[in-house]
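Colleague: I would like a close look at a single part of this model. Please take it slowly, as for someone in a first year of study.

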Amino acid sequence: MKKEDKALVIENIAKTISEYNGFYLVETAGLDAEKTSALRRACFKADVKLLVVKNTLLHKALETLEGDYSELYPTLKGSTSIMCTNVGNAPAKLLKDFVQKGDTLPALKAAYVEETVYVGADQLDALASIKSKNELIADVVALLQSPAKNVVSALQSGATKLHGILETLSTKE
């Protein structure tokens, strides 16, 4: 590959990574054609972009980006695929589904999600349990609504009780 072509590929990889909130580095070398197609279909359905890259080009692309990706560099060995995502836990759920089916591949090498680096396949459960931004917003809204609903219902029930007491007192006289 010519130097100019490599520069373009590095630029494209860096641009793709910067368009997404997070990415996973995955080992996919041992997958046969059927399982690779299944993985690509699952990624497409989950809005995850899957790219197969050369480690040296990915290393150089990460160096051009803002942020510290140095913890990821030791994992760039063997065959590496990148799963780019805007939902932090989507690729982890996909990989977990493959693992639950008894497949050893695709295997998680590392991930960069929510400005945190996760290294090793043992981090898959932690990554799958990360809540997305929308899920967190929904949780906060539910927590904020709960006390307000309690106050409103207490005021409404109190008003009915007070009305009943006043009506009873007015009828006694």
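Which elements do the buried residues of α1 pack against?

Modeller: This is a predicted model, and the answer starts with the helix itself. Helix α1 runs over residues 3–18, which makes 16 residues. At 1.5 Å a residue, α1 should span 22 Å, and its end C-alpha atoms are 22 Å apart, so the expected span and the model agree.

Next come the two sides of α1. Ile10, Ile13, Ala14, Thr16 and Ile17 are buried in this helix. These residues cover an arc of only 160 degrees around the axis, so they lie on the same side of α1. The face turned away from that buried side carries Glu4, Glu11 and Lys15, which are exposed.

Now to the packing. The buried residues of α1 pack against three strands, β1 (22–27), β2 (49–53) and β3 (80–85), and against the helix α3 (55–64).

Cys84 falls within the residue range given for β3, which leads to the cysteines. Cys84 is buried, because its relative accessible area is 1%, where under 20% counts as buried. Cys43 is also buried, at 1% relative accessibility. A disulfide is a covalent bond between the sulfur atoms of two cysteines. The cysteine sulfur closest to that of Cys84 belongs to Cys43 and is 10 Å away, which is too far for a bond, because a disulfide needs the two sulfur atoms within 2.5 Å. Cys43 is in no disulfide, and a search of the whole structure finds zero of them.

Conventions
Residues numbered from 1 in each chain as written. Predicted model: local features only at pLDDT ≥ 70, side-chain atom pairs only at ≥ 80, totals over all residues. Heavy atoms only, no water. Buried < 20%, exposed > 50% of the residue type's maximum accessible area, 1.4 Å probe, protein only. Helix = DSSP H or I, 4+ residues; strand = E, 2+ residues; numbered from the N terminus. Expected span 1.5 Å × (residues − 1). Arc of directions from axis to C-beta. Contact = heavy atoms within 4.5 Å.
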